[in-house]
Amino acid sequence: MGRRTRAERDAMTVEIGYALVSGFVVAAATFGGVSLPALFLDLPPTAERLLLMAGAVLGAVVFAVRVVHVLWRFPGSAAALPSGAGQPSQPGRTSPDS
């Protein structure tokens, strides 16, 4: 594997940051959606604890899934692609295998 350019490293850094921030937002929304009934409804202590634990577990799982999903879809290095794989051979035309 060759060395990465500064632009590729910067793009990877931005993508990792986006994955972490969007994962946190989705995890917080999941935690809130599951846990808010425990905060606003008059539930028994066991049910409140169960909802809070379920919200925390689901939030952690959703965070991990979101981060992996975003980073998995990140395109790799352009050098890893065969020549001409990303672009059609003539401008304005699609490649024959599309």
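Here is a quick briefing on how the two helices of this chain sit against each other.

The model is predicted. The protein chain has 2 helices and 0 strands, so the story is about how α1 and α2 pair up, using the DSSP runs as the helices. Of the 98 residues in the protein chain, 11% are buried. Among contacts between residues at least 6 apart in sequence, 66% join residues at least 24 apart.

**How the helices pack**

- Two packed helices are described by the angle between their axes and the distance between the axes.
- Here, helix α1 covers residues 6-40 and helix α2 covers residues 45-73, and the two pack at an angle of about 160° with their axes 7 Å apart.
- That makes α1 roughly antiparallel to α2, because an angle over 145 degrees counts as roughly antiparallel.
- By class, the contact of α1 with α2 has 21 nonpolar, 6 polar and 3 charged residues.
- As for handedness, α1 passes α2 in a right-handed crossing.

**Helix α2 on its own**

- With 29 residues, α2 reaches 42 Å from its first C-alpha to its last, which is close to the 42 Å expected at 1.5 Å a residue.
- G55, G59, V67 and V70 are buried in α2.
- Those buried residues of α2 pack against α1.

**Around S35 and V34**

- S35 has its place in helix α1, and its relative accessibility of 2% makes it count as buried, since the cut-off for buried is under 20%.
- Setting aside neighbours within four places in sequence, S35 is in contact with L51, L52 and G55.
- V34 is found in helix α1 too.
- Not counting residues up to four places away in sequence, V34 touches L51, A54, G55 and L58.
- For one of those partners, L58, the C-alpha atom is 8.5 Å from that of V34, with the two positions 24 residues apart along the chain counted as their separation.
- G55, one of the buried residues of α2, turns up in the contacts of S35 and also in those of V34.

**Around S22 and R66**

- S22 lies in helix α1 and is buried, with a relative accessible area of 11%.
- Its contacts, not counting residues up to four places away in sequence, are R66 and V70, and V70 is itself among the buried residues of α2.
- R66 is found in helix α2 and is partly exposed, with a relative accessible area of 23%.
- Leaving out residues up to four places away in sequence, R66 touches Y18, S22 and G23.
- R66 and G23 are 43 residues apart in sequence, yet 5.2 Å apart in space, C-alpha to C-alpha.

**Around F63**

- F63 is found in helix α2, and at 30% relative accessibility F63 counts as partly exposed.
- Apart from neighbours within four places in sequence, F63 is in contact with L20, G23, F24 and A27.
- With A27, the C-alpha atoms are separated by 5.1 Å, although F63 and A27 are 36 residues apart along the chain.
- G23 shows up twice, as a contact of F63 and as a contact of R66.

Note on methods:
Residues are numbered from 1 along each chain as its sequence is written. This is a predicted model: local features need pLDDT of at least 70, side-chain atom pairs count only at pLDDT 80 or more; totals for chains, interfaces and linings use all residues. Side-chain values use heavy atoms; hydrogens and water are left out. Axes are lines fitted to C-alpha atoms, for helices over the stretch in contact, and angles run from 0 to 180 degrees between N-to-C directions. Helices (H or I, at least four residues) and strands (E, at least two) are DSSP runs, numbered from the N terminus. Angles under 35 degrees count as roughly parallel, over 145 as roughly antiparallel, 65 to 115 as roughly perpendicular and the rest as oblique. A crossing is left-handed if the near helix is turned anticlockwise from the far one by less than a right angle, and right-handed if clockwise. Ala, Val, Leu, Ile, Met, Phe, Trp, Tyr, Cys and Pro count as nonpolar, Asp, Glu, Lys and Arg as charged, and the others, Gly among them, as polar. The expected span of a helix is 1.5 Å times one less than its number of residues. Buried means under 20% relative accessible area, exposed over 50%, partly exposed in between (1.4 Å probe, protein chains only). Contact means heavy atoms within 4.5 Å.
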